[in-house]
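Walk through this model one region at a time. Keep the structure open as you read.

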Amino acid sequence: MKIAILTWLYNGNYGTLLQAYALQSFLKREGYDVSNINYKPSAIEKAKNLIKCHNSFSLFKEKFDGYLSKKQGQPELLCQRNKAFEQFLSKNFNLTKQYSKPNELTELSGKYDAYICGSDQIWSPMLLNPVYYFNFLSENERRYAYACSFGVSEIPSRKMEIIREYLEKFVEISVREKTGVKIVKTLTGKNVPMNVDPTLLLEYEEWNELAVNPCINGQYVFAYFLSSKKSYEEIAKKVAQKYNCELVLIPTQKEHYKFDGTIIQNAGPCEWLGLVENSCAVVTDSFHGSIFSLIFKKDFYVTKRFDDTSVKSQNSRIYTLLETYGCEDCMVSEIQDIDKKHDFNWEALHGRMKINASASREWLNTCLKGVSDEA
């Protein structure tokens with residue numbers, strides 16, 4: 001059976017690319033013929049979609065600022081990082097030919113038995129893009145959503161109807177957060193399951209094999225932030241002091257280059273995994289920074305990337321993750337929260353992760369078995 005996956009591939013984010021890798025790897029292991037739709041919209045297409053869908057300019061700007069932040073670094077090292085991402089994609093993904101415009105994607109209709117979108121925040125109403133709801137497919141194609149994330153707690157009223165129409169074309173839907181379950185229920189009346197992020201579909205051993213150990217002498221605390229706040233450097237330094245370790249950071253914003261620590265600019269996805277796995281602890285505002293801390297059994301400290309009162313807040317995904325695995329104490333709301341003692345029962349926690357992953361695998365295989373039975 002032929003399956004096409006659609007998710008983000010080109011935003012330069014470690015977690016995004018690793019979750020895409022995980023979903024493809026799992027499906028290939030189950031015996032399916034899998035391809036990732038190689039969609040790389042141009043800057044012009046992104047701007048067109050921003051205007052057409054009335055999307056959040058501030059989130060768009062944050063991503064653009066992340067791009068501009070690379071100008072703060074050393075060009076040679078940043079070139080190595082970009083090359084590492086390209087090589088990871090080329091080596092580990094089965095890709096369709098590349099598409100840069102939405103209307104080009106229509107030729108994919110009818111070429112696959114099933115189309116799966118997921119995971120990550122591809123359904124964010126603040127970054128709404130109809131492509132990631134398979135709007136380019138003909139009506140009779142079988143659409144599935146695996147652990148998709150809206151990112152937010154509520155859908156803006158002016159976007160509710162259009163998103164409802166997109167969702168109703170799916171054969172089956174699963175989401176990644178509790179808020180996603182509520183949103184789908186509100187819009188469609190359907191009760192949908194909450195499945196694990198694709199990274200949890202793979203075993204620890206598979207990630208360990210992929211990780212590249214860093215060339216760092218001595219112990220370190222690894223910091224990885226997707227945004228920038230005044231408190232982040234102070235928090236990261238205090239965590240490093242707590243463990244009496246060096247601070248190591250991968251910068252994603254221009255402010256990060258000013259941190260007092262070792263700045264690594266050329267890490268690819270495999271090197272990023274190695275930095276998490278070999279650290280004493282992780283401090284992050286990243287969902288996947290948190291999830292890989294759990295996979296690799298690391299102490300971790302999570303800072304809030306968004307203000308909870310903001311309609312653009314994407315904190316729900318972190319809250320669901322921490323609540324699911326009893327790690328609420330890992331949230332750092334104030335500097336003194338760093339002093340909390342983390343007592344992880346890793347055996348019980350990983351047991352819970354395995355149970356949830358098993359249920360998610362079963363859900364996905366049941367969906368695809370239905371396609372095979374009808375073929």
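Arginine 176 is buried in this predicted model. Its relative accessibility is 5%. The cut-off for buried is under 20% relative accessible area, so arginine 176 falls within that class. The residue sits in a loop. That loop runs between β6 (172-175) and α6 (178-188). The side chain of arginine 176 makes a polar contact with the side chain of glutamate 177. The distance is 2.7 Å.

Next, go to alanine 147, which touches Arg176. Alanine 147 belongs to strand β5, residues 143-148. Its relative accessible area is 0%, so alanine 147 is buried. Which residues does alanine 147 touch, once residues up to four places away in sequence are set aside? They are Ser119, Asp120, Ser174, Val175, Arg176, Asn195 and Val196. Take aspartate 120 from that list. In sequence, aspartate 120 and alanine 147 are 27 residues apart. In space, their C-alpha atoms are 7.6 Å apart.

Now step back to the sheet. It is open and has six strands. The order is β3-β2-β1-β4-β5-β6, and the pairing is parallel. Which strands stand at the edges? They are β3 (95-99) and β6. Each has a single partner strand, so one side of each lacks a neighbour in the sheet. From one strand to the next, the twist averages 20 degrees.

Look inside the sheet at β1 and β4. Strand β1 covers residues 2-6, and strand β4 covers residues 114-117. The two pair in the parallel sense over four bridges. Alanine 4 has tyrosine 115, in β4, as its bridge partner.

Turn to the nonpolar cores. The largest has 70 residues. Leu27, Trp207, Trp272 and Phe292 have the most contacts inside it. Apart from this core lies another, of 35 residues. Among its members are Leu6, Tyr166, Leu167 and Ile173.

Follow phenylalanine 292 outward. Neighbours within four places in sequence aside, phenylalanine 292 is in contact with Leu18, Thr199, Trp207, Trp272, Leu273 and Val276. Trp272, Leu273 and Val276 are also among the buried residues of α9.

That leads to helix α9 itself, residues 269-277. How many of its nine residues are buried? Eight are, and the helix is mostly covered. The buried set is Pro269, Cys270, Trp272, Leu273, Gly274, Leu275, Val276 and Glu277. Trp272 thus appears twice in this tour: it is buried in α9, and it is one of the residues with the most contacts inside the largest nonpolar core.

Technical notes
Residues are numbered from 1 along each chain as its sequence is written. This is a predicted model: local features need pLDDT of at least 70, side-chain atom pairs count only at pLDDT 80 or more; totals for chains, interfaces and linings use all residues. Side-chain values use heavy atoms; hydrogens and water are left out. Buried means under 20% relative accessible area, exposed over 50%, partly exposed in between (1.4 Å probe, protein chains only). Contact means heavy atoms within 4.5 Å. A polar contact is a pair of N or O atoms within 3.5 Å; within protein, one must be able to donate a hydrogen and the other to accept it, and residues adjacent in sequence count only if both atoms are side-chain atoms. A nonpolar core is a set of buried Ala, Val, Leu, Ile, Met, Phe, Trp, Tyr and Cys residues joined through side-chain atoms within 4.5 Å. Two strands pair if DSSP finds at least two bridges between them. Axes are lines fitted to C-alpha atoms, for helices over the stretch in contact, and angles run from 0 to 180 degrees between N-to-C directions.
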